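Here is a brisk report on helix packing and nonpolar cores. Start with the view below.

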Amino acid sequence: MLFHGAPGSRLFAPPADVTASLGVHLITFDRPGFGGSDRREGRTVLDTAGDVAALADGLNVERFAVLGISAGGAHALGCAVVLGERVSAVAVACMPGPLDEVPGAWEALDRRQRPAAEVAREDPKRAAGGVVRYSERWLDDPTSFLGGGTPDDRALLAEPATGAMLAADVTEALRPGAGGMADDLVALWMEWGFRIADVRPGVRISHGAEDTRGEPDFRYLAATLPDCEAQVWPDVGHLGVLRHWREVLATITP
């Protein structure tokens, strides 16, 4: 079960040939407010576990591994906490950590996010509305969200197949508007409903060495997740999982 980033959608799909070669059945889905999923204002990180359980039930899948990318990492960890033995393995990559746990996390937020995160603690609905208004700049051209990044991120975007997949992913994510992204960010700014130290042992956590914006989060998560397997990928950035897809899948599948 793959958890996309923000903005993101079910169309985030790393190399299908690699997935098939490992015999993996990859399930992707839109979190509420993204793509074809109705928005659910006020949702929390832990609310995702109920959606995942219902999806798995509908597909007659009893046990499954979870893999969270970027903003999806928190939701993957939340599922591991809530769904227990139903989750066979857990991996996260390039993810942010909880503001209330990572040292200096509040101070590290940029000049736009920190005020919004502070408002979220007092009035989540108002904070989400502010994010929606700010994000409207991307709605006419969702692919503009993909600009910048590290040299390797830009190189991946320049690859025809990968660039087309990422463009389709973000375009679908923002098709219904920016509500899903707003709700995702607010959920990440709020308390997650669990402590990192309480997540099951054995999580696989990976981070791109050039993704410096998430370096403090990675160090904290790697030090706090019980008996985790931590990996730093050299020479890659925030999209590093696309370079190391086979490696990541192999660690969480039989």
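In helix α10 (residues 215-224), the buried residues are D217, F218, Y220, L221 and T224. Buried means under 20% relative accessible area, with a 1.4 Å probe and protein chains only. Helices are DSSP runs of H or I with at least four residues, strands are runs of E with at least two, and both are numbered from the N terminus. The buried residues of α10 span an arc of only 165° around the axis, so they lie on the same side of the helix. That arc is taken from the directions from the helix axis to the C-beta atoms. Their cover includes β4 (204-208) and β5 (229-233).

This is a predicted model: local features need pLDDT of at least 70, side-chain atom pairs count only at pLDDT 80 or more, and totals for chains, interfaces and linings use all residues. Residues are numbered from 1 along each chain as its sequence is written, and side-chain values use heavy atoms, leaving out hydrogens and water.

Two nonpolar cores follow. Such a core is a set of buried Ala, Val, Leu, Ile, Met, Phe, Trp, Tyr and Cys residues joined through side-chain atoms within 4.5 Å.

| Core | Residues in core | Named members |
|---|---|---|
| Largest | 58 residues | M1, F64, L77, W189 and L225, which touch the most other members |
| Second, separate | 23 residues | including A89, W233, V241 and I252 |

Helix α9 (residues 179-189) gives the most to the largest core, with seven residues. M1 touches I27, F29, V52, L55, A56, F64, A65, V66 and L67, not counting residues up to four places away in sequence. Contact here means heavy atoms within 4.5 Å.

Definitions and conventions
Buried < 20%, exposed > 50% of the residue type's maximum accessible area, 1.4 Å probe, protein only.
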